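Here are some short exercises, each with a worked solution. Have the sequence and the structure open beside you as you go.

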Amino acid sequence: MLIIYGALGLGGIETFFVRLAKDRFMSNKKTKILLLAPPELEKNDPDLFNEMLKYADIYYFSDVFENSFINWRFLFLHRLKNKNLEKMLHDCKQIHVTDSQSALLANNILAKANKKIPITVGMYHSLEFSWGEKKLPFFERVNRNFIYKTLSSGNLMCFSQNTKDFVVKKTGYEIKNAKTFRLGVIDSNQGYKKSFKLSKKIKMCAVGRLTDFKTYNFWMPNVIKELNISGCDIHLDIYGDGGSVNTVKSAVDKVSDYVSLFPPFNYSNFNKIVSEYDLFIGSGTAIIQ
């Protein structure tokens, strides 16, 4: 299995991929991952990256693309290194991606290597494949055509039936054969337990990437304020960064007596930090972790 992804920053999909690679490793299954962001950009969490190294073969942008002065993000303007593709695809029976551009890149790689391998698309974030209204830009029309018309709907993987229904409603595409599965590869040998006893002051935390679709980061600060006004002594700490960090910061600044915003931390510190709290708010793989 080959996974094509940007970088192993601290996030839900990334931790899921590490657990997936470990589970496959324990079952004697080979996992490879192509990271598109150059390592020198320091987009990889060091602990998460080193954990992945134990269970998967990691390939980089420079392994599959010729040297170019063009920004690495413009993937389709770079020439592929044909000699390295065969090695990367050897014994590979599936390519898994999480976005349209990576799906198109996987298709190009297979065409260059003259291979026929299924491309599966994980719809971990439903809006990744259903944003916008009817008048979409040209690039997104190309993306949608490939995801919803070229690929079989059986190659699409939604993490819940609600996601599947949402995508159908938003896009109008029929994906009746799309698979649904619940995220989570949990190592039973590393069970984590904490005795739960609320103190007088309740400590709550949220951990994850700050993006527009995680709307609880926008409205939860005001909920915490209202709870305190109602007599509940509770404090919320939010850990993370991302495209919506300024919006979250603005919401937090208005209720700074009750809510604090902190930068993200290394993956290796997750259990240590989170175990200091009484309650956790979040979704997806952060809850599994």
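A residue counts as buried under 20% relative accessible area, as exposed over 50%, and as partly exposed in between. Keep in mind that the model is predicted.

**Exercise 1. Classify Asp57 by its relative accessible area, and find its salt-bridge partner.**

Solution. Start with the area: Asp57 has a relative accessible area of 30%, so this residue is partly exposed. Next, look for the partner: Asp57 forms a salt bridge with Lys30, and the closest N and O atoms are 2.9 Å apart. Finally, place the two residues: Asp57 sits in strand β3, while Lys30 belongs to the loop between α1 and β2. The pair links distant parts of the chain, 27 residues apart.

**Exercise 2. Describe the salt bridge between Arg209 and Glu14, and say whether each partner is buried or partly exposed.**

Solution. In the first step, check the distance: the closest N and O atoms of Arg209 and Glu14 are 2.8 Å apart. In the second step, locate both ends: Arg209 is in the loop between β8 (202–207) and α8 (216–229), and Glu14 is in helix α1 (residues 12–26). They are 195 residues apart, so this pair too links distant parts of the chain. In the third step, apply the cut-offs: Arg209, at 30%, is partly exposed, whereas Glu14, at 2%, is buried.

For contrast, turn to Lys54 and Glu51, whose side chains meet in a salt bridge (3.2 Å, N to O). Both lie in helix α2 (residues 46–55), three residues apart, which is about one turn of the helix. The structure holds seven salt bridges.

**Exercise 3. Work out which residues of α4 are buried and how they are arranged around the helix axis.**

Solution. Begin with the list: Leu85, Met88 and Leu89 are the buried residues of α4. Now look down the axis: these residues fall within an arc of 85°, so they line one face of the helix. Then turn to the other side of α4, where Lys83 and Lys87 are exposed. To see what the buried residues pack against, look at β1, β2 (32–35), β3 (57–60), α3, β4 and α5. After α4 comes Asp91, with a positive phi near 65°.

**Exercise 4. Repeat the analysis for α7 (residues 161–171).**

Solution. Thr163, Lys164, Val167 and Thr171 are buried here. Their arc around the axis is only 100°, which puts them on the same side of α7. Asn162 and Lys169, on the other side of α7, are exposed. The cover over the buried residues includes β5, α6, β6 and β7 (179–180). Gly172 follows α7 and has a positive phi, near 85°.

**Exercise 5. Find the residues that touch the most other members of the largest nonpolar core, and trace the contacts of Ile109.**

Solution. The core has 37 residues, and those touching the most other members are Ile4, Leu34, Ile95, Ile109 and Ile147. Among the elements that each supply at least two residues are β1 (2–5), α4 (82–89) and α5 (100–113). The largest share, seven residues, comes from α5. Leaving out residues up to four places away in sequence, Ile109 touches Ile4, Leu34, Leu80, Leu85, Met88 and Leu89. Compare this with Exercise 3: Leu85, Met88 and Leu89 are the buried residues of α4. A second, separate core has 20 residues, including Phe16, Leu20, Tyr55 and Ile58.

Methods. Residues numbered from 1 in each chain as written. Predicted model: local features only at pLDDT ≥ 70, side-chain atom pairs only at ≥ 80, totals over all residues. Heavy atoms only, no water. Core = buried A, V, L, I, M, F, W, Y, C linked by side-chain atoms within 4.5 Å. Buried < 20%, exposed > 50% of the residue type's maximum accessible area, 1.4 Å probe, protein only. Helix = DSSP H or I, 4+ residues; strand = E, 2+ residues; numbered from the N terminus. Contact = heavy atoms within 4.5 Å. Arc of directions from axis to C-beta. Salt bridge = Lys/Arg side-chain N within 4 Å of Asp/Glu carboxyl O.
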